[in-house]
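Here is a short tour of the model shown below, written to be read with the viewer open. We will go through strands, then helices, then a single arginine.

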Amino acid sequence: MKNLLTGLARQFVVGLIVLGGLTLVVGVAYPAAVWAVSRINSDGAEGSQIKDATGCVVGSELLGVDQHAAPGQPDKYLHARFAGGIDDPTAAGDPASSGASNLGPNNTDLVAIIDKRRAAVAEREGVRPDQVPADAVTRSGSSLDPGISPAYADLQAPRIARTTGLPIERVRQIISDNTDDRQLGFLGGPTVNVARVNVALGLTGPGCR
């Protein structure tokens, strides 16, 4: 009986030591380390903001928001990926619409959505449907992807040049200047940051003085 109580007491003490150690590491040291790292360049919390030539905030280079031209106005900006679902496949990107559709590759609704998007992009850019890149007709998992493929950006360059009056070479140079390389040099592919391109094309912040 004495040995049993001694063993239980030993295990109890060891459990308290482990609990105390984990509490210090997970409950104190780790949060403190995260907080300390967050204080490095603390002004960078808003570093993703993109401003126009007058200093007005237009958006964030980390969030994809599609710019749709007002009715009757020329469509002179670079488009991001669509964010719409079954009800509106070609809806503009909006942070409030974040979320995946959960539709599988064999889902007939998804096939219909992709077909509508492909037709819309082909009509907008004046090309054949088979020339529309894959990322133009699919949405990212969050629908907040800030970048598009260089192929999709290049597809839009002639329309942008035509509606803005800029030489096509200048439009392509702006796209190239705002193209990011693969993550860590080997993950994924190059992406064109839509918001940065649009600011370079003259997009301004609404109602900002």
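## The three-stranded sheet

In this predicted model, Gly147 has Asn193 of strand 5 as its bridge partner. That bridge belongs to the pairing of strand 3 with strand 5 (residues 191-193), which is antiparallel and has two bridges.

Stepping back, the sheet is an open one built from three strands in the order 3-5-4, with antiparallel pairing. Which strands stand at the edges? They are strand 3 (147-148) and strand 4 (179-180); each has a single partner strand, so one side of each lacks a neighbour in the sheet. If you want a reminder of what holds such an arrangement together, strands of a sheet pair through backbone hydrogen bonds, either parallel or antiparallel.

## A hairpin

Strand 1 (residues 49-51) and strand 2 (residues 57-60) run antiparallel and are joined by three bridges. One pairing to pick out in the viewer is Gln49, whose bridge partner in strand 2 is Ser60.

Together, strand 1 and strand 2 make a hairpin, with five residues between them. Within the turn, Gly55 has a positive phi of about 90°.

## Helix 3 and its two partners

Two packed helices are described by the angle between their axes and the distance between the axes. Let us take helix 2 (residues 108-125) with helix 3 (residues 150-164): their axes are 9 Å apart, and the packing angle is about 40°. Angles that are neither under 35 degrees, nor over 145, nor from 65 to 115 count as oblique, and helix 2 and helix 3 are therefore oblique to each other. Helix 2 brings Val121, Arg124 and Glu125 to the contact, while helix 3 brings Tyr152, Leu155, Gln156 and Arg159. By residue class, this contact of helix 2 with helix 3 has three nonpolar, one polar and three charged members.

Helix 3 also meets helix 4 (residues 168-177), where the axes come within 9 Å and cross at roughly 140°. Helix 3 and helix 4 are therefore oblique to each other as well, and their crossing is right-handed. On the helix 3 side the contact is made by Ala153, Asp154, Ala157, Pro158, Ile160 and Ala161, and on the helix 4 side by Ile168, Val171, Arg172 and Ile175. What is the mix of residue classes in the contact of helix 3 with helix 4? Eight are nonpolar, none is polar and two are charged.

## Around Arg196

Arg196 is part of helix 5 (residues 194-200). Setting aside neighbours within four places in sequence, Arg196 is in contact with Ile50, Glu61, Asn178 and Asp180. With Asn178, the side chain of Arg196 makes a polar contact of 3.3 Å.

Leu78 offers a further reference point: Arg196 and Leu78 are 118 residues apart in sequence, yet their C-alpha atoms are 9.7 Å apart in space.

Definitions and conventions. Residues numbered from 1 in each chain as written. Predicted model: local features only at pLDDT ≥ 70, side-chain atom pairs only at ≥ 80, totals over all residues. Heavy atoms only, no water. Pairing = 2+ DSSP bridges. Helix = DSSP H or I, 4+ residues; strand = E, 2+ residues; numbered from the N terminus. Axes fitted to C-alpha atoms, helices over the stretch in contact; angles between N-to-C directions. Contact = heavy atoms within 4.5 Å. Nonpolar A, V, L, I, M, F, W, Y, C, P; charged D, E, K, R; others polar. Left-handed = near helix turned anticlockwise from the far one by under 90°. Polar contact = N/O pair within 3.5 Å; in protein donor to acceptor, adjacent residues only side chain to side chain.
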